[in-house]
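Work through the exercises below with the sequence and the model side by side, trying each task before reading its solution.

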Amino acid sequence: MFRTVWAGVLAFLVDRISKQLVVEWLELDTPRVLWEGVLNLTYTQNTGMAFSILAGRTWLLIALSSLALIILVTALYRALPRTPSASALLWLLLAGGIGNLADRLLFGYVVDFFSVQFVQFPVFNVADVCLTVSAVFLIIALLRHPDEKKANELPAA
């Protein structure tokens, strides 16, 4: 499991660096076209969570996010097969959660900047991508191999 920690470390660093660059280089709420009609960079400060739920309740979001991360990672660690891909997905999930949690602790809001143009969708960041992609693939892993964890465990000595 610890060899795959680098997936999470890399994801966390990319998230932190991208957010820092956005804050330094972009004006708040001023879109910059990255790919015409597809993707803009728009620096926003999100005080809520997905779709601005609980906006302005920073400490509640910090507490809920922390608790959710602990419960989710613990439960998934117990339920998933012991494979490098499952481990890497857990680290990505943790990196995404910690990336947004760090923003809330440091700034009181989450720095978002990817703005999809061809559909109406909230502005998001690298941590959100890590959370979403890892969650989708973890769900698939759980649905495809619900009993594989038991097969991969060593018998008790």
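Four exercises follow, each with a worked solution.

This is a predicted model, in which local features need pLDDT of at least 70 and side-chain atom pairs count only at pLDDT 80 or more, while totals for chains, interfaces and linings use all residues. Residues are numbered from 1 along each chain as its sequence is written, and side-chain values use heavy atoms, with hydrogens and water left out.

**Exercise 1. Overall layout**

Determine the order of the secondary structure elements and the extent of the protein chain.

Solution. Begin by assigning elements as DSSP runs, with helices being H or I of at least four residues and strands E of at least two, numbered from the N terminus. The protein chain then has 5 helices and 3 strands, and from the N terminus they follow the order α-β-β-α-α-β-α-α. Next, take the principal axes, along which the C-alpha atoms fill a box of roughly 60 × 35 × 25 Å. Finally, consider burial, where buried means under 20% relative accessible area, exposed over 50% and partly exposed in between, with a 1.4 Å probe and protein chains only; of the 157 residues, 36% count as buried.

**Exercise 2. The packing partners of α3**

Describe how α3 packs against α1 and against α4.

Solution. Two packed helices are described by the angle between their axes and the distance between the axes. The axes are lines fitted to C-alpha atoms, for helices over the stretch in contact, and the angles run from 0 to 180 degrees between N-to-C directions. For α1 (residues 5–25) and α3 (residues 84–107), the angle is about 30° and the axes are 8 Å apart. Their contact, meaning heavy atoms within 4.5 Å, involves A11, D15 and K19 among the residues of α1, and A95, G99 and N100 among those of α3. By class, this contact divides into 12 nonpolar, 3 polar and 4 charged residues.

For α3 and α4, the angle is about 145°, again with the axes 8 Å apart. The α3 side of this contact includes L92, G96 and N100, and the α4 side includes D128, C130 and L131; the classes here are 11 nonpolar, 5 polar and 1 charged.

**Exercise 3. N100 and C130**

Is N100 buried or exposed, and which residues does N100 contact beyond its neighbours within four places in sequence?

Solution. First locate N100, which is in helix α3. N100 counts as buried because its relative accessible area is 8%. With neighbours within four places in sequence left aside, N100 is in contact with K19, V110, N125, A127, D128 and L131. Applying the same exclusion to C130 gives contacts with A11, L92 and G96.

C130 also belongs to the largest nonpolar core, which has 10 residues, including A11, A95 and V126. Such a core is a set of buried Ala, Val, Leu, Ile, Met, Phe, Trp, Tyr and Cys residues joined through side-chain atoms within 4.5 Å. The elements that give two or more residues to this core are α1, β3 (110–116) and α4 (126–144). A second, separate core has 9 residues, L76, L93, L138 and A141 among them.

**Exercise 4. Positive phi values**

What is the phi of D29, and which residue with a positive phi follows α3?

Solution. Most residues other than glycine have a negative phi, and most peptide bonds are trans. D29 nevertheless has a positive phi, near 60°, and lies in the loop between α1 and β1 (32–35). D29 is classed as exposed because its relative accessible area is 52%. Moving on to the end of α3, the residue that follows is G108, with a positive phi near 85°.

How values were computed
Nonpolar A, V, L, I, M, F, W, Y, C, P; charged D, E, K, R; others polar.
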